[in-house]
Amino acid sequence: MQCDVCPRACRLHEGQRGLCFVRAREHDRVVLTTWGRSSGFCVDPIEKKPLNHFLPGTAVLSFGTAGCNLACRFCQNWDISKSREVATLCDQANPETIAYAARALGCRSVAFTYNDPVVFLEYAVDVVEACHALGIRTVAVTAGYVSAAPRRELFRHMDAANVDLKSFNEEFYHRVTAGHLAPVLETLEYLAHETQVWVEITTLLITGQNDSDGEIDALSRWVVSRLGPDVPLHFTAFHPDWKMRDVAPTPPATLARARAIARRNGVRHAYTGNVHDRDGASTWCHACGLRLLDRDWYEIADYRLTDDGRCVRCATSCPGRFDGRPGAWGARRLPVRLADFDLRR
Ligand code: SF4
């Protein structure tokens, strides 16, 4: 029996689990074994996802489950994504409780983030529905490595997504992530052209692996020509982790170089991330050059957009989802025990 959720197309014997470890064949059906269980909850700034054009300054309730359908050697969440331990899934979390907790905590959205929601698709869709019933929006942080039908299902009601484009090189995808580039590009084109999902892209730059001028040039040209100039592109810094502890952290100059190449190629909103770089973290009006959101890491120091997201100087619309004044959550990170919000207790 084959699992068709992602391009891996794992073929499973009775009782066997797929590469993601959370989908298994049971009684001649492929089932999700982690529905309703989470590896933890935390309130974060939305900018940490990273999303710089989606309800800026607001708090988001972040959570994940366990397992992943890629095997990135540099994974920064490997304790969750590669978990084989049911003990990792500490919190019982029904969708209504998650939505209620988000509202009670003052979060505008819930993010599926510590591992890829592709592998817990059915659970993520149930959480989306519960959130929307309470007016809470939803965010997928994903590698976009998903097959066509589940892709439609996952993103049908999602409000925003940050998609990891890990490289623009098939050899890198194969060697470092055990995946392929083409399905990720398909997901990006699908989101940009066939959905209302607000999309931003993140590329984690690793020295000597995916940071050449040529690759960044090709990647950013593809983004502009196939997705349009308004899709924000984040270049973030790698920190040694998991099976790549022998590679040095990415120098800030690499991120600044990548941002300059992307801007030269027409990307209107290119960012640096995981480093202190106020210019690279800020949002600029592409028409008149005004600094629209002055960001200091995750803090918004100054905000020069109208309530409907227009530049206060030239009235050009800034792409994204803006809704009134920015939030004031700041850079705080607040771990949450979901049981404290369980209405059934
Ligand atoms: S979702 Fe999991 S089980 Fe299904 S094909 Fe992908 S890795 Fe295999």
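Which residues line the second largest pocket? In this predicted model, the lining of the second largest pocket is formed by Leu191, Ala192, Thr195, Gln196, Val197, Trp198, Val199, Leu227, Asp230, Val231 and Arg321. The volume of this second largest pocket is about 180 Å³, and two secondary-structure elements, helix 6 (181-194) and strand 10 (198-205), each contribute at least two residues to its lining. Sorted by class, the lining of the second largest pocket comprises 7 nonpolar, 2 polar and 2 charged residues.

The ligand occupies a separately described site, for the space that it takes up is the largest cavity. Around the ligand are found Cys3, Val5, Cys6, Arg8, Ala9, Cys10, Gly18, Leu19, Cys20, Arg23 and Asn69, and this shell, when divided by class, holds 7 nonpolar, 2 polar and 2 charged residues. Among the residues that surround the ligand are the cysteines Cys3, Cys6, Cys10 and Cys20, together with the arginines Arg8 and Arg23.

A further position examined was Arg175, which is located in helix 5 (residues 170-177). With a relative accessible area of 41%, Arg175 is classed as partly exposed, because this value falls between the limits of 20% for buried and 50% for exposed residues. When neighbours within four places in sequence are left aside, Arg175 is in contact with Arg73 and Gln209. For the first-named of these partners, Arg73, the C-alpha atom is separated from that of Arg175 by 8.9 Å, although the two residues are 102 residues apart along the chain.

Terms used:
Residues are numbered from 1 along each chain as its sequence is written. This is a predicted model: local features need pLDDT of at least 70, side-chain atom pairs count only at pLDDT 80 or more; totals for chains, interfaces and linings use all residues. Side-chain values use heavy atoms; hydrogens and water are left out. A residue is near a molecule or strand if one of its heavy atoms lies within 4 Å of it. On a 1 Å grid over the protein atoms alone, a cavity is a set of points where a 1.4 Å probe fits but cannot get out, and a pocket is an open set with protein on both sides within 12 Å along at least five of seven lines; lining residues have an atom within 4 Å of a point. A molecule sits in a cavity or pocket if more than half of its atoms lie within 2 Å of its grid points. Ala, Val, Leu, Ile, Met, Phe, Trp, Tyr, Cys and Pro count as nonpolar, Asp, Glu, Lys and Arg as charged, and the others, Gly among them, as polar. Grid points are joined across faces, edges and corners, and a volume is the space filled by probe spheres set on the points. Helices (H or I, at least four residues) and strands (E, at least two) are DSSP runs, numbered from the N terminus. Buried means under 20% relative accessible area, exposed over 50%, partly exposed in between (1.4 Å probe, protein chains only). Contact means heavy atoms within 4.5 Å.
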